[in-house]
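Dear colleague,

I am passing on the structure below, followed by notes on what turned up in it. Please read the notes with the structure open.

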Amino acid sequence: MVYFIPYRIHIGRNSKNERKLSRDESRIPKMKIIGLCGGSGSGKSTVAAIFAAAGVPVLDADAIYHEMISKSSPCTKEIAEALGNEVLTPEGALDRPKTAELVFSGEGSEERRKKLNAITHRYILDEVRRRIAEEEKKGTFAVLFDAPLLFESGFENECNAIICVSADENVRLSRIVQRDGIDRETARLRFATQFSDNYLISHSDYHIANNGDTEELTEKVEGIVRKILSEK
Ligand code: ATP
């Protein structure tokens, strides 16, 4: 938990104090980009909050997406061009129930889903890259990208380290039911289009099994934060 903040002082911007530290710029590694993946209800947001508490800025793919589609934007316009104007509300935001209907049911839904994903991934990743560049300018040492669709978007290739958080299906179902107030069957449907835990774990550098309580999770995450941040 305490590793990040003191180090950050060393890589802050120009100041007299900093000069006294007689840094060797060439030995300071470039910013680390950590990708975080895992199925729905596995605990990604909870892990991200622990990283944030340790001083690592978090980029949240879901939050960026919701921001982009909640109003008329280049992203919503491009989605409408691909799927038709009926996916927009009168204000130009994305009509999510209508879009879900089009991409999850009916003939050609898979094709429409692919088109939608290609557009949204591109806009989300452009925004993520822009925010990463901003953090890099500030001298930030590491950022965490909370990305449920990390591998589907291809962004795993731009990460220095990948963490997968997992939990048993029953545990995930109970958490989602409680968090979102939906029934187990609806919750189970979310798992159908996601990569399996086996795939995610085998393609990640770190794996956090999150079947226990939050104390246990915090301990595991802090161990990984220390490890990643101390790696050159
Ligand atoms: P989604 O992809 O669906 O957004 P997620 O992977 O981000 O899910 P979280 O929102 O972090 O998952 O966790 C799901 C729910 O489970 C939340 O309400 C969270 O508070 C709770 N939770 C996560 N980990 C634990 C834990 N170790 N102990 C108890 N509750 C937990």
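Cysteines and disulfides

The sulfur of Cys159 is 9.0 Å from the closest cysteine sulfur, which belongs to Cys37, and this is too far for a bond. A disulfide would need the two sulfur atoms to lie within 2.5 Å of each other. Cys159 itself counts as buried, at 15% relative accessibility. Cys75 is buried as well, with a relative accessibility of 1%. Across the whole structure, the search finds zero disulfides.

Overall make-up

Please keep in mind that this is a predicted model. The protein has 232 residues, and buried residues make up 41% of them. Its secondary structure comes to twelve helices and five strands. Among contacts with a separation of 6 or more, 69% are between residues 24 or more positions apart.

Salt bridges

The search of the whole structure finds 14 salt bridges. Three of them are described here, beginning with a pair inside one helix.

Arg131 and Glu127 form a salt bridge, with their closest N and O atoms 2.7 Å apart. Both residues belong to helix α7, which covers residues 109-138, and because they are four residues apart there, about one helical turn separates them. Glu127 is buried, at a relative accessible area of 18%, while Arg131 is partly exposed, at 22%.

Helix α7 also takes part in a second bridge, between the side chains of Arg129 and Glu158, with an N to O distance of 2.7 Å. Arg129 lies in helix α7 and Glu158 in the loop between α8 (150-153) and β4 (161-166), so this pair ties together parts that are 29 residues apart in sequence. Arg129 is partly exposed, with a relative accessible area of 36%, and Glu158 is also partly exposed, with 34%.

The third bridge joins Asp180 and Arg190, whose closest N and O atoms are 2.8 Å apart. It links distant parts of the chain: Asp180 is in helix α9 (residues 169-180) and Arg190 is in helix α10 (residues 184-192), ten residues apart. Both ends are partly exposed, Asp180 at 32% relative accessibility and Arg190 at 31%.

Some salt bridges share partners, and in this way Glu67, Glu127, Arg130, Arg131 and Glu134 are joined into one network.

A buried charge without a bridge

Which side chain of opposite charge is nearest to the buried Asp146? It is Lys44, 5.5 Å away, and Asp146 has no salt bridge. The cut-off for a salt bridge is 4 Å between the side-chain nitrogen and the carboxyl oxygen. Asp146 lies in strand β3, which covers residues 142-146. Setting aside its neighbours within four places in sequence, Asp146 is in contact with Leu36, Lys44, Ser45, Ala48, Val58, Leu59, Asp60 and Ala61.

The ligand

Lys44 appears again around the ligand, which is surrounded by 14 residues; the closest are Ser40, Lys44, Thr46, Arg179 and Asn210. Several polar distances can be given:

- Ser40: an N or O atom of its side chain is 2.6 Å from an oxygen atom of the ligand.
- Arg179: a polar atom of its side chain lies 2.7 Å from an oxygen atom of the ligand.
- Gly41: a polar backbone atom is 3.0 Å from an oxygen atom of the ligand.

Regards

Notes. Residues are numbered from 1 along each chain as its sequence is written. This is a predicted model: local features need pLDDT of at least 70, side-chain atom pairs count only at pLDDT 80 or more; totals for chains, interfaces and linings use all residues. Side-chain values use heavy atoms; hydrogens and water are left out. Helices (H or I, at least four residues) and strands (E, at least two) are DSSP runs, numbered from the N terminus. Buried means under 20% relative accessible area, exposed over 50%, partly exposed in between (1.4 Å probe, protein chains only). Lys and Arg count as positive and Asp and Glu as negative; His and the chain ends are not counted. Contact means heavy atoms within 4.5 Å. A residue is near a molecule or strand if one of its heavy atoms lies within 4 Å of it. A polar contact is a pair of N or O atoms within 3.5 Å; within protein, one must be able to donate a hydrogen and the other to accept it, and residues adjacent in sequence count only if both atoms are side-chain atoms.
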